[in-house]
Amino acid sequence: MTEDVAARPVALVTGASRGLGRATAEGLAETGHPVALGYRSDPGGAEDAAAAITGAGGRALAVQLDVADESAIDQAFKEVEAELGPVGVLVNNAGYVKDGLAIAYSTEAWDTTLDTNLRGAFLCSRRSLRAMMKARWGRIVNVASAAALRGNPGQSAYSASKAGLVGMTRSLSREYGSRGITVNAICPGFVETRLTEDYPPEVKAFYIENTPAGRFGTPEEVAAVVVFLASAAASYVNGAIISVDGGLTA
Amino acid sequence: MERAEIQAKVTTALAERFDKDASELSDSTRFAEDLDADSLELVEVVLDLEESFSVSIDESEMEDVKTIGEAVDLIAAKLGSGA
């Protein structure tokens with residue numbers, strides 16, 4: 001058991017300061033992965049989580065990683081490689097959302113959304129593939145969204161970025177599937193995070209009404225699926241787009 | 001390391017990977033046409049060579065490697081032994 005845990009590959013989770021990213025990093029650490037927690041602007045959350053993991057006997061590192069910045073990505077990977085080792089599990093979780101009607105949506109917000117959610121995931125995936133190819137083993141999990149599968153008014157940029165992520169997932173899964181590398185995406189529905197806690201009550205009520213589970217999900221319920229996809233047990237799951245949404249898109 | 005030495009090492013590794021006799025391979029052997037290597041196999045070849053020779057090869061440099069001779073030249077240049 002100890003040997004097995006010691007052999008767990010290093011995981012890097014982007015956007016790991018809070019919410020889904022943090023829960024995912026904690027879940028991966030619990031199963032024995034050394035974990036790098038990427039953060040863009042809030043070192044506090046990532047450092048707290050890293051300290052908690054280290055305190056519990058795991059290995060963790062908080063690392064500054066703005067996925068919109070290509071050179072910062074390389075720098076962050078180098079830091080993780082030096083401190084923990086080559087990345088075997090990449091969770092592209094960092095995301096940006098700004099809702100607004102297309103008719104008045106700024107080009108800047110469109111670019112930021114696509115740069116973070118789609119381009120950022122591609123750049124991190126590309127940076128991790130060399131080491132995964134060498135190891136002939138790897139796991140990339142892209143955190144997409146129910147918004148990739150069904151449209152919400154006011155989310156043209158967000159939906160486009162997440163649907164793009166789904167397409168990229170499928171393409172990469174075919175490109176590297178013969179080399180022991182799986183690439184999958186999850187599509188969370190409404191989850192209790194800082195993002196959704198500010199929704200007005202009537203908006204929350206509307207979403208809950210549309211979710212067969214009758215409630216929002218917890219970050220841990222989503223993280224559990226990512227942890228499974230990162231595991232050896234998920235070796236035959238590749239190119240899958242998995243809804244984790246309480247039935248929202250059923 | 002002399003070019004001939006690099007070439008011998010590269011040829012041996014490639015012969016093994018592509019299940020060929022080393023004597024069948026030369027500088028003019030093309031990865032795609034002669035060895036039937038797909039683009040991903042070519043990436044793997046480059047990654048292997050990086051490791052065997054402790055050199056670093058960029059993605060942009062990978063694109064220019066079409067033959068064994070070009071691979072040998074690239075490594076020779078990296079190792080400073082001249083082409």
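**Group meeting: a walk through the sheet of chain A**

Let me start with one pair of residues: A:Leu12 stands opposite A:Ala36, which belongs to strand 2 of chain A. This is a predicted model, so please hear every value today as computed from it.

The pair sits in a longer pairing. Strand 1, residues 10-13, runs parallel to strand 2 in chain A, and three bridges join them. What links these two strands along the chain? Helix 2, residues 19-30, completes a right-handed β-α-β unit with strand 1 and strand 2 of chain A.

Now move on to the next strand. Strand 2 and strand 3 of chain A also pair in the parallel sense, over five bridges. One of the residue pairs here is A:Leu37 with A:Ala62 in strand 3 of chain A. Again there is a right-handed β-α-β unit in chain A, made of strand 2, helix 3 and strand 3. Helix 3, residues 43-55, lies across strand 2 (35-39) and strand 3 of chain A, and runs at about 165° to strand 3.

Strand 2 deserves a moment. How many of its residues are buried in chain A? Five of five, so to speak of it as mostly covered is fair by the definition of burial used here. In a regular strand, side chains alternate between the two faces of the sheet. In strand 2 of chain A, A:Val35, A:Leu37 and A:Tyr39 are on one side, A:Ala36 and A:Gly38 are on the other, and all are buried. Both faces of this strand are covered.

Now the whole sheet. In chain A it is an open sheet of seven strands with parallel pairing, in the order 3-2-1-4-5-6-7. Which strands stand at the edges? They are strand 3 (60-64) and strand 7 (241-244) of chain A; each has a single partner strand, so one side of each is left without a neighbour in the sheet. From one strand to the next, the twist averages 20°.

At the strand 7 end, the partner is strand 6, residues 181-188 of chain A, and the two pair in the parallel sense over four bridges. Within that pairing, A:Ile186 has A:Ile242 of strand 7 in chain A as its bridge partner.

Next, the nonpolar core. In soluble globular proteins, nonpolar side chains tend to be buried together. The largest nonpolar core here has 68 residues, and those touching the most other members include A:Ala36, A:Leu37 and A:Ile186, which you have already met, and also A:Ala11. Leaving out residues up to four places away in sequence, A:Ala11 touches A:Leu28, A:His33, A:Val35, A:Val89, A:Val91 and A:Ala230. A second, separate core has 15 residues, among them B:Leu14, B:Val46, B:Val65 and B:Ala76.

Stepping back, chain A has nine helices and seven strands. Of its 250 residues, 46% count as buried. Its C-alpha trace spans about 50 × 35 × 30 Å along the principal axes. The radius of gyration of chain A is 17 Å, which agrees with the value near 18 Å for a compact globule of 250 residues. Among contacts in chain A with a separation of 6 or more, 72% are between residues 24 or more positions apart.

Last, one residue from chain B. Is B:Ser56 buried or exposed? B:Ser56 has 8 C-beta neighbours inside 10 Å, and 12 or fewer counts as exposed, so B:Ser56 is exposed. B:Ser56 is in the loop between helix 3 (39-53) and helix 4 (59-62) of chain B.

Terms used
Residues are numbered from 1 along each chain as its sequence is written. Chains are lettered from A and ligands numbered from 1 in the order in which they are written. This is a predicted model: local features need pLDDT of at least 70, side-chain atom pairs count only at pLDDT 80 or more; totals for chains, interfaces and linings use all residues. The radius of gyration is taken over C-alpha atoms; the globule rule is 2.2 Å times the number of residues to the power 0.38. A residue is buried if 20 or more other C-beta atoms lie within 10 Å of its own, exposed if 12 or fewer, and partly exposed in between; C-beta atoms are placed from the backbone. Two residues are in contact if their C-beta atoms, placed from the backbone, lie within 7 Å. Two strands pair if DSSP finds at least two bridges between them. Axes are lines fitted to C-alpha atoms, for helices over the stretch in contact, and angles run from 0 to 180 degrees between N-to-C directions. A crossover is right-handed if, with the strands pointing away from the viewer, the path from the first strand over the helix to the second runs clockwise. A nonpolar core is a set of buried Ala, Val, Leu, Ile, Met, Phe, Trp, Tyr and Cys residues joined through C-beta atoms within 7 Å.
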